[in-house]
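Trainee: Could we go through this model together, taking the internal space before the packing of helices and rings?

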Amino acid sequence: MIEILNPTLLSRARDSGALVGHILQTLKGRSTAGTNLLDIDRWAKEMIIDAGAQSCYVDYAPSFGRGPFGHYICTAVNDAVLHGRPYDYPLADGDLLTLDLAVSKGGVAADAAISFIVGDTQPPESIAMIDATERALAAGIAAAGPGARIGDLSHAIGTVLSEAGYPINTEFGGHGIGSTMHQDPHVPNTGRPGRGYKLRPGLLLALEPWVMADTAELVTDADGWTLRSATGCRTAHTEHTIAITDDGAEILTVPK
């Protein structure tokens, strides 16, 4: 299903997006060496409920996961990259942490992810990988606008990631979003320009470049959810929800 939002729903999407951006930045500020992943999940739950919003994750049970996710945020550490299920783990100085959050407010969902290094130790290779995903996301957003095609966005994202030297996995990528978290169209992190669905004003897309340092192969953790790099290498993931407008792309998942 591909949804095109009317102005009323787009206004609600802005509220949802601003909330996601605010929660992620708040959690980033609280995530220090010693912080437990379960505390991050609890803080996310409290902020979602206090805002009168609903989690897109806690009851989520797609075919690629094992039962309901059961938590309010994805917390992926070091070699984990996607769908990181929070567990009893205190963060260490130098850990690479990805927080991925989707909430719905007023019937419209928004989805975003940030990767960052915890504490004072800042490994250059990890910083470079995070930077590559951020630059790829910026390139994908710049390519989005009425009349552009999904392949244009995928090509822009993939060009940055490939030039930075990272293998690209196409099993998981960006997606449409609206009344539900995951919708068509799928937005791979590499592709051919001029191909795929033509973007229209009112379309929401969650773009999410993610990479693993030296492999494109994923393995599923014993929890049935967390996806890790097959080689144990570090990973990074950056995501924004954008709205296609008459003038281009509007980033929704930033704090007001």
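Trainee: How many cavities of 30 Å³ or more does the structure hold?
Mentor: Bearing in mind that this is a predicted model, we can say that about 40 Å³ of space lies in the largest cavity. The number of cavities of 30 Å³ or more in the structure is 1.

Trainee: Which strand gives the largest share of the lining of the largest cavity?
Mentor: The lining is made up of Thr75, Ala76, Val77, Ala80, Arg85, Tyr87, Thr226 and Arg228, which by class are 4 nonpolar, 2 polar and 2 charged residues. The largest share, 3 residues, comes from residues 74-77, that is, from strand E2.

Trainee: At what angle do helix H1 and helix H2 pack?
Mentor: On the side of H1 (residues 7-30), Ile23, Thr26, Leu27 and Arg30 meet Ile40, Trp43, Ala44, Met47 and Ile48 in H2, and the residues of this contact divide into 7 nonpolar, 1 polar and 1 charged. The crossing of H1 past H2 is right-handed. With their axes 11 Å apart, the two helices pack at an angle of about 145 degrees.

Trainee: Among the 6 aromatic pairs found in the whole structure, what is the geometry of the pair formed by Phe64 and Phe172?
Mentor: This pair links distant parts of the chain, 108 residues apart, with Phe64 in the loop between strand E1 and E2 and Phe172 in the loop between helix H4 and strand E6. The ring centres of Phe64 and Phe172 are 5.5 Å apart. Planes over 60 degrees apart count as edge-to-face, and because the planes of Phe64 and Phe172 lie at 80 degrees, the pair is edge-to-face.

How values were computed:
Residues numbered from 1 in each chain as written. Predicted model: local features only at pLDDT ≥ 70, side-chain atom pairs only at ≥ 80, totals over all residues. Heavy atoms only, no water. 1 Å grid on protein atoms, 1.4 Å probe; cavity = no way out; pocket = protein on both sides within 12 Å on 5 of 7 lines; lining within 4 Å. Points joined across faces, edges and corners; volume = space filled by probe spheres on them. Helix = DSSP H or I, 4+ residues; strand = E, 2+ residues; numbered from the N terminus. Nonpolar A, V, L, I, M, F, W, Y, C, P; charged D, E, K, R; others polar. Axes fitted to C-alpha atoms, helices over the stretch in contact; angles between N-to-C directions. Left-handed = near helix turned anticlockwise from the far one by under 90°. Contact = heavy atoms within 4.5 Å. Phe/Tyr/Trp six-rings, centres within 6.5 Å; stacked < 30°, edge-to-face > 60°.
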